[in-house]
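The following note is offered to a colleague who is meeting this structure for the first time. Its points are numbered for ease of reference.

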Amino acid sequence: MLAEGDPEAIGHTLACEIETITDEPIILFIDDFDRIRIDDLFQRFLAGLIDSLPDRVQIALSSSALPSCPRKQMLTRGDAVILGNYQHRSDILFNTVAKPKPQLEVYGFGEGVVLLNGRPIDNWDGVLPKRLFFYLIDNPMVTRDQIFADFWPHLSVKGATDIFHVTKHKISEIIGRALGNAQDCELTTYTQGYYIPNPQIVRHYDVENITDAVERAYLTTDMHEVELFLTRALDLYRGPYLVNTQQDWIAHRRAALEQKHVEAAIWLAQIHYERHDDDEALRLLQLARVMRSEREDVRRMLIELHLRGGARAQARREEEQKIADI
């Protein structure tokens, strides 16, 4: 974490140091990049580093979490390209391919943004294709009956089947058009009664990345790694899921992800509380409280923090509000 100094200047200095290593071309490969907290300071550092690199020096980042904003800017300027394979967390080997597969980046938090090979898909030819697209991304193994129940519960099987296949075909057209192909490109394949991801398209999904980070926090016993994973989960959360889209399955998913975000904030607040980093603990608890003010454990920890910091009036107000809510 860059705590002091000018981030851009630090990036420039590092670029100068790399340049002195050799006169030969250099590729600096940074693996497991997602462990880094990619905040504003780091993004400024990265911009300073990239802007200062000579033409013979390149950086390769193995990452699925680099925020879309700086990445899109670098792609637009021609400073960066998206390459390679996606190594899922359950894979053992990193397999290379002769022809890179299309890279599909999906951001479900906020308005819902989709990038294909770094370029946005803006034209969905209607509301339904985009909703079904996000549903199939969010449910990587789903049956036709499940899809019909979530989208067209009141239609006959034939009616739902007709709408589904037309909409699914429209999604394939949109992807093919975005790739510049004459042919459509399927988002999913159908096997053994399930619609599953098309292996010819590489997916990067922010919601999946948050879920993965929280799961890894639960699995490790290293508290430093727990903090890194929880911090990453909080950094990736960009507001409510598909905020301006209303559908029952979206509302349920939105609530579940909000709950996961709150749990991560409270857990990280407890870590900071135990090390007496009270300012950060208070910030995280206030964040959790805005989203779930009824949580008793949040209010109790806030009271304890106020008392520990000598803010007895604030602690008393919290206690009075607690009694009033009973």
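1. The protein is built from 12 helices and 8 strands. The model is a predicted one. Of the 326 residues in the protein, 40% are buried. Among contacts with a separation of 6 or more, 61% are between residues 24 or more positions apart.

2. On confidence, the average pLDDT of the protein is 83, and 82% of the residues score at least 70. Residues 85-94 call for caution in reading, as the pLDDT over this stretch is below 50. In the model the stretch nevertheless has 18 contacts beyond near neighbours in sequence.

3. The packing of helix 1 (residues 7-19) against helix 2 (residues 40-52) is the next topic. The two helices meet at an angle of about 40°, and their axes are 7 Å apart. An angle between 35 and 65 degrees falls outside the parallel and perpendicular classes, so helix 1 is oblique to helix 2. The crossing of helix 1 with helix 2 is right-handed.

4. Which residues form the contact of helix 1 with helix 2? Helix 1 contributes Pro 7, Glu 8, Ile 10, Gly 11, His 12, Leu 14, Ala 15 and Ile 18. From helix 2 come Leu 41, Arg 44, Phe 45, Gly 48, Leu 49 and Ser 52. Sorted by class, these residues comprise 8 nonpolar, 4 polar and 2 charged.

5. A second helix pair lies later in the chain: helix 9 (residues 248-274) and helix 11 (residues 296-308). Their angle is about 25°, with the axes 12 Å apart. Because angles under 35 degrees count as roughly parallel, helix 9 and helix 11 are described as roughly parallel to each other. Their crossing is left-handed.

6. In this second contact, Ile 266, Ala 269, Gln 270 and Tyr 273 of helix 9 meet residues of helix 11. The partners in helix 11 are Asp 297, Val 298, Met 301, Glu 304, Leu 305 and Arg 308. The contact of helix 9 with helix 11 contains 6 nonpolar residues, 1 polar residue and 3 charged residues.

7. Two residues deserve a check of their backbone. Asp 125 has a positive phi of about 55°, although this residue is not a glycine. Asp 125 sits in the loop between strand 5 (119-120) and helix 4 (127-138). Its relative accessibility is 35%, and Asp 125 therefore counts as partly exposed.

8. Leu 242 is likewise not a glycine, and has a positive phi of about 40°. Its place is the loop between helix 8 (223-236) and helix 9. Is Leu 242 buried or exposed? At 3% relative accessibility, Leu 242 counts as buried, because the cut-off for a buried residue is under 20%.

9. Finally, Gln 146 belongs to helix 5 (residues 144-151). With a relative accessible area of 39%, Gln 146 is partly exposed. Leaving aside residues up to four places away in sequence, Gln 146 touches Tyr 135 and Met 141. Gln 146 and Tyr 194 are 48 residues apart along the chain, and their C-alpha atoms are separated by 9.9 Å.

Methods. Residues are numbered from 1 along each chain as its sequence is written. This is a predicted model: local features need pLDDT of at least 70, side-chain atom pairs count only at pLDDT 80 or more; totals for chains, interfaces and linings use all residues. Side-chain values use heavy atoms; hydrogens and water are left out. Axes are lines fitted to C-alpha atoms, for helices over the stretch in contact, and angles run from 0 to 180 degrees between N-to-C directions. Helices (H or I, at least four residues) and strands (E, at least two) are DSSP runs, numbered from the N terminus. Angles under 35 degrees count as roughly parallel, over 145 as roughly antiparallel, 65 to 115 as roughly perpendicular and the rest as oblique. A crossing is left-handed if the near helix is turned anticlockwise from the far one by less than a right angle, and right-handed if clockwise. Contact means heavy atoms within 4.5 Å. Ala, Val, Leu, Ile, Met, Phe, Trp, Tyr, Cys and Pro count as nonpolar, Asp, Glu, Lys and Arg as charged, and the others, Gly among them, as polar. Buried means under 20% relative accessible area, exposed over 50%, partly exposed in between (1.4 Å probe, protein chains only). pLDDT is the predictor's confidence in each residue, from 0 to 100.
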